[in-house]
Amino acid sequence: MQSLRSNSVVIKLLTYSNELSEGKPLYVSSNSLPVKALNREPAGHSFHSAALKLRGCAKKVVEDKEDTSSASPKKVANDVEDIPSYETYKNSSSNKGKKKKNKSGKEVKEQHDHYALLGLGSLRYLATEDQIRKSYRDAALKHHPDKLAAALLLTEESEEAKEAKKEAIESHFKLIQEAYEVLMDKTKRRIFDSTDEFDDEVPSECAPKDFFKVFGPAFKRNARWSVNTRVPDLGDENTPVKEVDSYYNFWYAFKSWREFPEEEEHDLEEADSREEKRWMERENARKTQKARKEEYARIRTLVDNAYKKDPRIVKRKEEEKAKKQAKKDEKVMAKKKLEEEAAAAIEEERRRKEEEAKLAAEAAQQQKKNKEKEKKLRSKERSRLRTLAAPVLSQRLLGISVAYVEDLCMSLNTEQLRKLCDKMENKEGMKLAKVLKNGNNDETESEEEEVVEAKQNGHVEANGFATQSPRAAAMV
């Protein structure tokens, strides 16, 4: 094996070995991309030459070969890169010969892989317009019919083979031009990108530790359909909650530019009349609208699943739940405290009422005792009055009767009885009768005293005329 160093990459070159002398087969392989050329697979040195040309090392290899000037025209022609036969990107070797069907079951016309034709198969929808222009110029120069036809036609002997080769070259060059036209037109490119291979799978379950590994790529895949090219990043477990909310707000308001041309059931070119064409347009629009709704439902499901499983959202929900529970517990405790305070107030009121009832009972008992005591004192004073009035009743002075005395006993209170009895003490005869007659009337007694005093001073009333005693007259 010989080696060629190009761009700091070591490439092993195939050479013959002694193992072939015995006729045994030798199996070799290369890390280059598989290339098809006119329904023939390059093998051996031809395969390796194609691989080197794809890596940009073809010229150096040709210069290193010995006796290239003496090579036959046929051998020189073999060193020219073969024309790759590009199948549709949706018709790989595993499904070759099959036709794609849309959701309604109708067969959809396959189209060539425009990105692969321009050498942008790895970039695809991420390719910029400048990259598309540069790749188109390189591919056009590389596969122009005027450049390849003369050399490739030398490898074919029959006219039919030469014509087929020429048609293949022209067809491939037309495909390159078509790819450039499609990819440079924004509307056509959007339709083409919408029909490109895409993983529509929506993850639903994952462990909390695998959330970013599972849902991160899913969001990145679907971000290609965003009308707004500034798509926020999912972040990590340390992303602030505010940015997380902003991220989900973006996806919940997601606007998609994805088209669904495969859902158009009717081909407008097949319409026989204007009315039929309009009907086809309405039916296609209805089918497309239904597909858009399904697409938005799919995106919404992705966002909902992620929102439910996002550990940052779960953590915030748990914190909010804990706060709500704390507030609920606080309300319960406050309510319980109010109930306890109300119960304490009721108990205090009950105790107060019991105390008041007890005091009232004691007061009533005391009042009862006082009444009994008052009754005894009144009975004692009544007995005393009866005793003091006995001489007056026995002598029948001033017409005082027993009924009069009893009336005094019943009408006068204890204090009045006591005062009356005190006045009657140490008095006899008429004085006693007069005091008893007046009862407890102090004014009557004072009037009588004034009359007595007037009599003593000489005032005498006779026959209705007041006369003065001689002594009083002399004084005047």
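In this predicted model, residues 24 or more positions apart account for 63% of the contacts in the chain that have a separation of 6 or more. The chain is built from 17 helices and four strands, and of its 476 residues, 28% count as buried. About 33700 Å² of the chain is exposed, with carbon and sulfur atoms supplying 50% of that area.

The interior can be approached through its nonpolar cores. The largest of these has 22 residues, and those with the most contacts inside it are Phe211, Phe215, Phe219, Tyr248 and Trp251. Three helices, α9 (211–222), α10 (241–252) and α11 (274–309), each supply at least two residues of this core. Tyr248 illustrates how such a residue is surrounded: leaving aside its neighbours within four places in sequence, Tyr248 is in contact with Phe211, Leu234, Val303, Ala306, Tyr307, Asp310 and Ile313. Apart from the largest core lies another, of 18 residues, which includes Leu388, Leu397, Leu408 and Leu417.

Aromatic side chains offer a second way into the structure, in which a search of the whole model finds 15 aromatic pairs. One of them joins Trp225 and Trp257 in an edge-to-face arrangement, with 5.1 Å from centre to centre and 65° between the planes. This pair links distant parts of the chain, since Trp225 belongs to the loop between α9 and α10 whereas Trp257 belongs to the loop between α10 and α11, 32 residues apart. Both partners are buried, Trp225 with a relative accessible area of 0% and Trp257 with 13% relative accessibility.

The pair formed by Trp251 and Phe254 has another geometry: the ring centres are 4.7 Å apart and the planes lie at 5°, and therefore the pair is stacked. Here too the two residues count as buried, Trp251 at 2% relative accessibility and Phe254 at 5%. Trp251 and Phe254 also belong to a cluster that ring pairs build from Phe219, Tyr247, Tyr248, Phe250, Trp251, Tyr252, Phe254 and Tyr307. Within that cluster, Phe219, Tyr248 and Trp251 are already familiar from the largest nonpolar core, where they are among the residues with the most contacts.

Aromatic rings also meet charged side chains in this model. Arg224 lies over the face of Tyr125, at 4.1 Å from the ring centre, and Lys437 lies over the face of Tyr404, at 5.5 Å from the ring centre.

Methods. Residues numbered from 1 in each chain as written. Predicted model: local features only at pLDDT ≥ 70, side-chain atom pairs only at ≥ 80, totals over all residues. Heavy atoms only, no water. Core = buried A, V, L, I, M, F, W, Y, C linked by side-chain atoms within 4.5 Å. Buried < 20%, exposed > 50% of the residue type's maximum accessible area, 1.4 Å probe, protein only. Contact = heavy atoms within 4.5 Å. Phe/Tyr/Trp six-rings, centres within 6.5 Å; stacked < 30°, edge-to-face > 60°. Lys NZ or Arg CZ within 6 Å of the ring centre and 35° of its normal. Areas by Shrake-Rupley, 256 points an atom, 1.4 Å probe, with all protein chains shown as cover.
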